[in-house]
Amino acid sequence: VQGTSQRALETGNQTSKGSSSVLSELIVGALGALVVLAGVFGSFLAFLPLIMALISVLTMQLMIYALTYVMPSSSPINPAVQYIVALLGLGLSIDYTLLVVNRWQEERAAGRPNDEAVRAAMKRAGHSVWFSGVVASLGLFALTVVPNSLVRGIGVSGLFIPSTATLVALTLLPVVLSK
């Protein structure tokens, strides 16, 4: 049995003339971010925040899809939530990754071996990423009290956006940096 929220998301995914899909919005955002990141890093390291963001955003979208089976039909998730999740997730994932990668680069520039640099970067930047993710999740979740399906959907999905970006930055990113 498909829930009302799932039907709303599917309806919102159908593109008509002049509208765009979540994927096309994400690609445009990622390409814009890549231009900026290439200027910042000047190397292939510019792709790392985008790879982490892609993993985070896809995980978030899967969580939102699963959430459609849990949400009551009296309060469906608005299809626009997918766009917000994608773009906000892209931004937060890139931000959290940049914070850790910059600390890691500083440690490497100071002459530390790679494993020590990863541990030091996680010690210095990991607390900030974790705290930011918790505060952002709680702040977005507070939107659930607003009696509007779009805002309520953002509030419910707000638990997943920063927390997923945080988990990827604190678990997968150190593994990638240590290689």
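A salt bridge, as I use the term today, is a side-chain nitrogen of Lys or Arg within 4 Å of a carboxyl oxygen of Asp or Glu. With that in place, I can state my main subject: Arg103, Glu106, Glu107, Arg112 and Arg124 are linked in a network of salt bridges. Please bear in mind throughout that the model is predicted.

Let me begin with the overall fold. The chain has 7 helices and 0 strands, so the order of elements from the N terminus reads α-α-α-α-α-α-α. Of its 179 residues, 40% count as buried. Consider next the contacts between residues at least 6 apart in sequence: 74% of these join residues at least 24 apart. The chain exposes about 9400 Å², and carbon and sulfur atoms supply 68% of that area.

I turn now to the salt bridges, of which the structure holds 4. In helix H4, the side chains of arginine 103 and glutamate 106 meet at 3.4 Å, N to O. These two residues are 3 apart in H4, about one turn of the helix. The spacing fits a general rule: an α-helix has 3.6 residues a turn, so residues three or four places apart point the same way. Arginine 103 is partly exposed, because its relative accessibility of 24% is not under the 20% that defines a buried residue. Glutamate 106 is likewise partly exposed, at 38%.

Glutamate 106 has a further partner. It forms a salt bridge with arginine 124, with the closest N and O atoms 3.4 Å apart. This pair links distant parts of the chain, since glutamate 106 belongs to helix H4 and arginine 124 to helix H5, 18 residues apart. Arginine 124 has a relative accessibility of 43% and therefore counts as partly exposed.

Another bridge joins glutamate 107 to arginine 112, and here the closest N and O atoms are 2.6 Å apart. Which of these two residues is buried? It is glutamate 107, because its relative accessible area of 8% falls under the 20% limit. Arginine 112, at 37%, is partly exposed.

The bridge to arginine 124 brings us to helix H5, which covers residues 114-141. This helix has 28 residues and reaches 37 Å from its first C-alpha to its last, close to the 40 Å expected at 1.5 Å a residue. Where is the kink in H5 centred? It is centred on alanine 125, and the bend there is about 40 degrees. Alanine 125 is also one of the buried residues of H5, a set that includes Asn114, Met122, Gly126, Val129, Gly133 and Leu140. What covers the buried residues of this helix includes helix H4 (80-109), helix H6 (149-157) and helix H7 (160-177).

H5 also contributes to the surface. Tryptophan 130 is found in this helix, and it is partly exposed, with a relative accessible area of 48%. Together with Phe131, Val134, Val135 and Leu138, Trp130 forms a nonpolar patch on the surface, with about 510 Å² of accessible area in total. Tryptophan 130 can belong to such a patch because its 48% is over the 30% that patch residues require.

To close, I would leave you with two views of H5 in this predicted model. Through arginine 124, the helix is joined by a salt bridge to glutamate 106 in H4. Through Trp130 and its neighbours in the patch, it presents nonpolar side chains at the surface.

Key: Residues numbered from 1 in each chain as written. Predicted model: local features only at pLDDT ≥ 70, side-chain atom pairs only at ≥ 80, totals over all residues. Heavy atoms only, no water. Patch = residues over 30% accessible without salt bridge, like charges linked within 9 Å, V, L, I, M, F, W, Y side chains within 5 Å. Areas by Shrake-Rupley, 256 points an atom, 1.4 Å probe, with all protein chains shown as cover. Helix = DSSP H or I, 4+ residues; strand = E, 2+ residues; numbered from the N terminus. Buried < 20%, exposed > 50% of the residue type's maximum accessible area, 1.4 Å probe, protein only. Expected span 1.5 Å × (residues − 1). Bend = angle between axes of the 7 residues up to and from the residue. Contact = heavy atoms within 4.5 Å.
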